[in-house]
Amino acid sequence: MAGEDDKPQASSSEARGEPQDAVAAEAVTPAEELVAKAEQDKAELKDKLLRALAEMENLRRRTEKEVADTRSYAVTAFARDMLSVADNLRRAIETIPAEARKSADGALAGLIDGIELTERELAKALERHGVRKVDPAGQKFDPNLHQAMFEAPHDSLAKGQVHTVVQPGYAIGERVLRPALVGVSSGASTPANDAVKPRRANGE
């Protein structure tokens, strides 16, 4: 019939009940938006990958440092106990008068040589394990390495320099096993006649 032919035909999308606006939006979505979305996703994945690699590198460095510290400081307790042995060997050597050492022969000379050899071997053994002796005579006083026992004037050393080592210190790596006990210079001594000058009769 003519009336039926004149009625507009419904599109397939209308027949399926789909909104016209949604269909139009899908039809006009540019390819550039899809490419931009893909680039954004790629950038995000790259950033996550770089962060993960950086974290792994930091973890590797921390692990290497911890292993190195463990290896370096594993003998700390043992080395600290051996310091008293080194001190006693040094005291034994220093108690022998210089004249007696020069004139020593036979068993006494062998005993002295044996003590000195033992001291040297002990020092070498400690050095092999990273333990070094701190003997700061003439150096600037460092509170991180030295412990001041007294302060006294010294003509050839500036104020704040170590002029006497009462007991040497020891360190392992960057750690102090025992600070050196030292005497610190307070500067050049002032002569008594310079400290108090006599006044002349005229008041000058």
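Student: Is Pro143 buried or exposed?

Tutor: Pro143 is exposed, because its relative accessible area is 61% and the cut-off for exposed is over 50%. Please keep in mind that this is a predicted model. Pro143 belongs to the loop between strand 1 and strand 2.

Student: How far is Pro143 from Ala180 in sequence and in space?

Tutor: The two residues are separated by 37 residues in sequence, while their C-alpha atoms lie 9.7 Å apart in space.

Student: What is the overall pattern of the protein chain?

Tutor: The protein chain has eight helices and six strands. Along the sequence they are arranged as α-α-α-α-α-α-α-β-β-β-β-β-β-α.

Student: How many residues does the protein chain have, and what percentage of them count as buried?

Tutor: The protein chain has 204 residues, and 20% of them count as buried. A further figure concerns contacts between residues at least 6 apart in sequence: 63% of these join residues at least 24 apart.

Student: Let us turn to the helices. How are two packed helices described?

Tutor: One gives the angle between their axes and the distance between the axes. In this structure, helix 5 spans residues 76-94 and helix 7 spans residues 106-128; their axes come within 10 Å and cross at roughly 155 degrees. Helix 5 is therefore roughly antiparallel to helix 7, since angles over 145 degrees are classed in that way. The crossing of these two helices is left-handed.

Student: Which residues of helix 5 and helix 7 meet?

Tutor: From helix 5 the participants are Ala79, Met82, Val85, Ala86, Leu89, Arg90, Ala92 and Ile93; from helix 7 they are Ile115, Glu116, Thr118, Glu119, Leu122 and Leu126. Sorted by class, this contact between helix 5 and helix 7 comprises 10 nonpolar, one polar and three charged residues.

Student: Does Glu116 count as buried or exposed?

Tutor: Glu116, which lies in helix 7, counts as buried because its relative accessibility is 17%, and the cut-off for buried is under 20%. Leaving aside residues up to four places away in sequence, Glu116 touches Ile93 and Arg101.

Student: How should I read an intermediate value, and what does Arg80 count as?

Tutor: Arg80 is a residue of helix 5. It counts as partly exposed because its relative accessibility is 42%, a value between the cut-offs of 20% and 50%. Arg80 also has a partner to consider in space: Leu177 is 97 residues away in sequence, yet the C-alpha atoms of the two are 6.3 Å apart.

Student: Now the strands. In what order do strands 1, 4 and 5 form a sheet?

Tutor: A sheet is read by its strand order and by the direction of pairing. These three strands form an open sheet in the order 1-4-5, with antiparallel pairing. Strand 1 (131-134) and strand 5 (175-178) are the edge strands, each pairing on one side only. From one strand to the next, the twist averages 35 degrees.

Student: How many bridges join strand 4 to strand 5?

Tutor: Three bridges join strand 4, residues 169-172, to strand 5, and the two run antiparallel. One pair to find in the model is Ile172 with its bridge partner Arg175 in strand 5.

Student: What is the pairing in the sheet with the order 2-6-3?

Tutor: The pairing is mixed in this open sheet of three strands. Strand 2 and strand 3 are the edge strands, and each pairs on one side only. The twist here averages 30 degrees from one strand to the next.

Student: Which strands run parallel to strand 6, and which antiparallel?

Tutor: Strand 2, residues 146-152, runs parallel to strand 6 and is joined to it by six bridges. Within this pair of strands, His146 stands opposite Ala180 of strand 6. Strand 3, residues 162-167, runs antiparallel to strand 6, with four bridges between them. Thr164 has Gly183 in strand 6 as its bridge partner, and Val165 stands opposite Val182 in strand 6.

Student: How many residues of strand 6 are buried?

Tutor: Six of the six residues of strand 6, residues 180-185, are buried, so this strand is largely enclosed by the rest of the structure. Both faces are covered: one side holds Ala180, Val182 and Val184, the other holds Leu181, Gly183 and Ser185, and all are buried.

Note on methods:
Residues are numbered from 1 along each chain as its sequence is written. This is a predicted model: local features need pLDDT of at least 70, side-chain atom pairs count only at pLDDT 80 or more; totals for chains, interfaces and linings use all residues. Side-chain values use heavy atoms; hydrogens and water are left out. Axes are lines fitted to C-alpha atoms, for helices over the stretch in contact, and angles run from 0 to 180 degrees between N-to-C directions. Angles under 35 degrees count as roughly parallel, over 145 as roughly antiparallel, 65 to 115 as roughly perpendicular and the rest as oblique. A crossing is left-handed if the near helix is turned anticlockwise from the far one by less than a right angle, and right-handed if clockwise. Contact means heavy atoms within 4.5 Å. Ala, Val, Leu, Ile, Met, Phe, Trp, Tyr, Cys and Pro count as nonpolar, Asp, Glu, Lys and Arg as charged, and the others, Gly among them, as polar. Two strands pair if DSSP finds at least two bridges between them. Buried means under 20% relative accessible area, exposed over 50%, partly exposed in between (1.4 Å probe, protein chains only).
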